[in-house]
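This briefing covers a few local features of one protein chain. The sequence and structure come first, followed by notes grouped by topic.

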Amino acid sequence: LECFERATNPNISDFERRRLLSFVVVGGGPTSCEFTAELHDFLKKDVRKWYPDIIDLVKITLVEAGPGILGSFDKVLAEYYLESLREKEIDVRINTAVVGIEDRYMDNKDDDECQLDEGDHHYTVAKLADGDEVPFATLVWSGGLAPVKFIDGACIEMERGRAVVDDYLRLPGEKGRIFALGDCATVKNNSHIATASVAEQQAYYLGDCFNDYYSKLDLLEVEEGEDLPLPGPVYPALMPWAPAEFMNKILCDSSPKFQYKNRGSMAVMGSGGGVADLTHTDLPIVKTKLSGFAAFVIWRTTYLTKQLSWSNMMLIPMYWFKTWVFGRDISRF
């Protein structure tokens, strides 16, 4: 909103106004795509009411280094999402990487001349691998993360910047006393995609291991230098809704090792659209793929099941209804 307020200044140049209204999103995964679609809806449906004179100057650019967006989804769904973004007049650039962010200075006497020497006006551009440059005021990076220094500097076995763990999420050579999970860890010979679903299921697994087995272990009885015993059987966290967790014992087999269960992949596309890839899900539902409003309903239903309290599960649909009737609140305090 600050960019829009600054863009209404009649004393700035057309180049500066367009730069202020240029939004760049880096990455082609579900997070980037969902954010891009939501940003488009927010600007075109809500901000438009307050800045009708400059809304047509807005440009949203999505940059992905790979051959396409939503690489983990079914190809048909990924193509559908890509075409839908382009129908919204979002500039989607695939097979293009951001190779740098560069500061530039502009001489106010000639707005078209960019100078590397410090002048009267400062701005930034995203430099792309194809040689193109995109001036911007807002850039959102969701193209992957580097390992944190704590992990990167640790004297442990690493694979592509992630700590290697065994089937019990233990670091090798640490006597079963150090565990790793989430984006910082990769299971040896059985790597999983670094997603929230994997991290959540690993957290459930370790929680059950600690509560059901390790909490009952008397460490004084374990000789120094001896490996801690392996945990007992643990049921995988297949069901994403806490009240339905009892179904895990019916639908899954227990094992001392960590078991990842595919719950499907979903990506919302603003208001009323989305894609859902359920072709490989382990949930007891029809194996299918959906797009459009049906996928949107599934995504929102799943979102509700992730809430930690019944009050939130009731309040959130009320907020959705309020937004649908009156639009989003863009007031600033």
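**Surface patch**

W310, M314, L315, M318 and Y319 make a nonpolar surface patch of about 610 Å². The model is predicted, and the points below describe this patch, a sheet with a helix across it, and a hairpin.

- M318, one of the patch residues, belongs to helix α9, which spans residues 310–326.
- The relative accessible area of M318 is 53%, and exposed means over 50%, so M318 counts as exposed.

**Three-stranded sheet and helix α8**

- Three strands form an open sheet in the order β12-β13-β14, and their pairing is antiparallel.
- The edges are β12 (265–268) and β14 (289–291), each of which pairs on one side only.
- From one strand to the next, the twist averages 0 degrees.
- Strand β13, residues 274–277, is joined to β14 by three bridges, and the two run antiparallel.
- A276 has L290 in β14 as its bridge partner.
- Helix α8, made of residues 293–305, lies across β12, β13 and β14. Its direction is at about 105 degrees to β12.

**Hairpin of β6 and β7**

- Strand β6 (residues 121–128) pairs with β7 in the antiparallel sense, over four bridges.
- One pairing links A126 to its bridge partner V134 in β7.
- Four residues separate β6 from β7 in this hairpin. In the turn, G131 has a positive phi of about 95 degrees.
- Strand β7 (residues 133–136) has two faces: V134 and F136 are on the covered one, whereas E133 and P135 are on the uncovered one.

Note on methods. Residues are numbered from 1 along each chain as its sequence is written. This is a predicted model: local features need pLDDT of at least 70, side-chain atom pairs count only at pLDDT 80 or more; totals for chains, interfaces and linings use all residues. Side-chain values use heavy atoms; hydrogens and water are left out. Two strands pair if DSSP finds at least two bridges between them. Axes are lines fitted to C-alpha atoms, for helices over the stretch in contact, and angles run from 0 to 180 degrees between N-to-C directions. Contact means heavy atoms within 4.5 Å. Patches are made of residues with over 30% relative accessible area and no salt bridge: like charges are joined within 9 Å, nonpolar side chains (Val, Leu, Ile, Met, Phe, Trp, Tyr) within 5 Å. Accessible areas come from the Shrake-Rupley method with a 1.4 Å probe; for residues, only the protein chains shown count as cover. A salt bridge is a side-chain nitrogen of Lys or Arg within 4 Å of a carboxyl oxygen of Asp or Glu. Buried means under 20% relative accessible area, exposed over 50%, partly exposed in between (1.4 Å probe, protein chains only).
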